[in-house]
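Okay, thanks for squeezing me in. Let me put the model up on the screen and we'll walk through it together.

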2 protein chains.
Amino acid sequence: MLMEVGRLIREDFRRRAEHLKLTQSQTLALAHLHKNPGISQVTLAERLEVHPVTITQLVDRLQRAGWVRREVHEDDRRAFRLYVTDKADPILEEVWKIAAQAREHALSGLSRTERDQLDSLLGRMKNNLVGAPTDRSE
Amino acid sequence: MLMEVGRLIREDFRRRAEHLKLTQSQTLALAHLHKNPGISQVTLAERLEVHPVTITQLVDRLQRAGWVRREVHEDDRRAFRLYVTDKADPILEEVWKIAAQAREHALSGLSRTERDQLDSLLGRMKNNLVGAPTDRSE
DNA sequence: TTCATTTTGTTAGTCTACTAACTATTAGCC
DNA sequence: GGCTAATAGTTAGTAGACTAACAAAATGAA
């Protein structure tokens, strides 16, 4: 059920955002870069919780499309600093709006109390899954 | 939060199942075929809620690995009937066990009542997202 | 200083998913 | 019967995610 709802939310977001001509991952990456200008690819990978290889390709495409630029890091010649270009600003405005709409659509009809409940239950599930490494003898 | 918990559950399952040498999609497809022997690729695609193209490739790999066989449909020469091979039986036993463990791990510490609550809240979110086509003016 | 280790990012190859365009077959209508 | 629609599956190409193996630069210890 949880997986299904997750999938439906992503689908809903995708439908609302398809006119932006950006994929979900690209949108997410752009949003993160906008909030944290100048971070490295490794840092971005950690934030998005994907592997650095994935970021390489993602940034490649965003750069080719002109949404992002790479600047060599002044202190570390291996690393890049990533910046969102001005071209992306209006898109990002849209993204925030759409995200809020999708969220509200999914949660509509749920009271403040129920939303808190959901959040709390999910939080406890999350705690079950993080800290403790999987014990296969369970 | 919901996305995160979903991702964590999938990760947990993947970790528990990695010794099976099957990916998550392959495992899921195998499980479905075991419960519904003889279905066509289109039907399987519908059940897994992916596009038929994806099934083509998935079944290609499962067949190459010897887990699944394609038989020509007796009434429709375009279609295949899909069957899980005997080789896959012991694996599937494992899959059910692992799925139950992963579920229990995620939900541990939640009472019967709380699980019902979660289910009901997610069910309502699901209803928000299915029936009604996205209204972009929201 | 030099050498081993860590970190940053890359290429190569695999798997899952998609769209678009296609073949072959079936089904329906005139 | 014959033409058109729809259906089952495929190939080709793209995007995203992964692992493995690697180069280059930075770090740190002997």
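So, which helix gives the most to the lining of the largest cavity? That's α1(B), with five residues. Helices here are DSSP runs of H or I with at least four residues, strands are runs of E with at least two, and both are numbered from the N terminus.

Before I go on, this is a predicted model: local features need pLDDT of at least 70, side-chain atom pairs count only at pLDDT 80 or more, and totals for chains, interfaces and linings use all residues. Residues are numbered from 1 along each chain as its sequence is written, chains are lettered from A and ligands numbered from 1 in the order in which they are written, and side-chain values use heavy atoms, with hydrogens and water left out.

Back to the cavity. A cavity means a set of points, on a 1 Å grid over the protein atoms alone, where a 1.4 Å probe fits but cannot get out, and lining residues have an atom within 4 Å of a point. Points are joined across faces, edges and corners, and the volume is the space filled by probe spheres set on them. Searching the whole structure turns up one cavity of 30 Å³ or more, and its volume is about 30 Å³. Chain A lends Leu2(A), Met3(A), Gly6(A) and Arg10(A) to the lining, and chain B lends Leu2(B), Met3(B), Gly6(B), Arg7(B) and Arg10(B). The elements giving two or more residues are α1 (2-17) of chain A and α1 (2-17) of chain B. By type, the lining has four nonpolar, two polar and three charged residues. For that split, Ala, Val, Leu, Ile, Met, Phe, Trp, Tyr, Cys and Pro are nonpolar, Asp, Glu, Lys and Arg are charged, and the others, Gly among them, are polar.

Now the DNA. How many residues surround strand C? There are 22, and the closest are Val42(A), Thr56(A), Arg78(A), Thr23(B) and His51(B). To be near, a residue needs a heavy atom within 4 Å. Of the atoms of strand C that come within 4 Å of the protein, sugar and phosphate account for 73%.

For polar contacts, I mean pairs of N or O atoms within 3.5 Å. On strand C, a phosphate oxygen is 2.3 Å from a side-chain N or O atom of Thr23(B), and one is 2.7 Å from a polar backbone atom of Val42(A). For Arg61(B), a side-chain N or O atom is 2.9 Å from a phosphate oxygen of strand C. The largest share of the surface near strand C, five residues, comes from α4(B).

Over to strand D. It has 23 residues around it, with Thr23(A), His51(A), Val42(B), Thr56(B) and Arg78(B) nearest. Here sugar and phosphate make up 76% of the strand D atoms within 4 Å of the protein. A phosphate oxygen of strand D is 2.9 Å from a side-chain N or O atom of Arg61(A), and another contact puts a phosphate oxygen 2.8 Å from a polar backbone atom of Phe80(B). This time α4(A) gives the largest share of the nearby surface, five residues.

Last thing, Phe80(B) has a charge over its ring: the charged end of Arg70(B) sits 5.3 Å from the ring centre. The rule is NZ of Lys or CZ of Arg within 6 Å of the centre and within 35 degrees of the ring normal. In chain A, Lys87(A) lies over the face of Trp67(A), 4.6 Å from the ring centre.

Technical notes:
1 Å grid on protein atoms, 1.4 Å probe; cavity = no way out; pocket = protein on both sides within 12 Å on 5 of 7 lines; lining within 4 Å. Polar contact = N/O pair within 3.5 Å; in protein donor to acceptor, adjacent residues only side chain to side chain.
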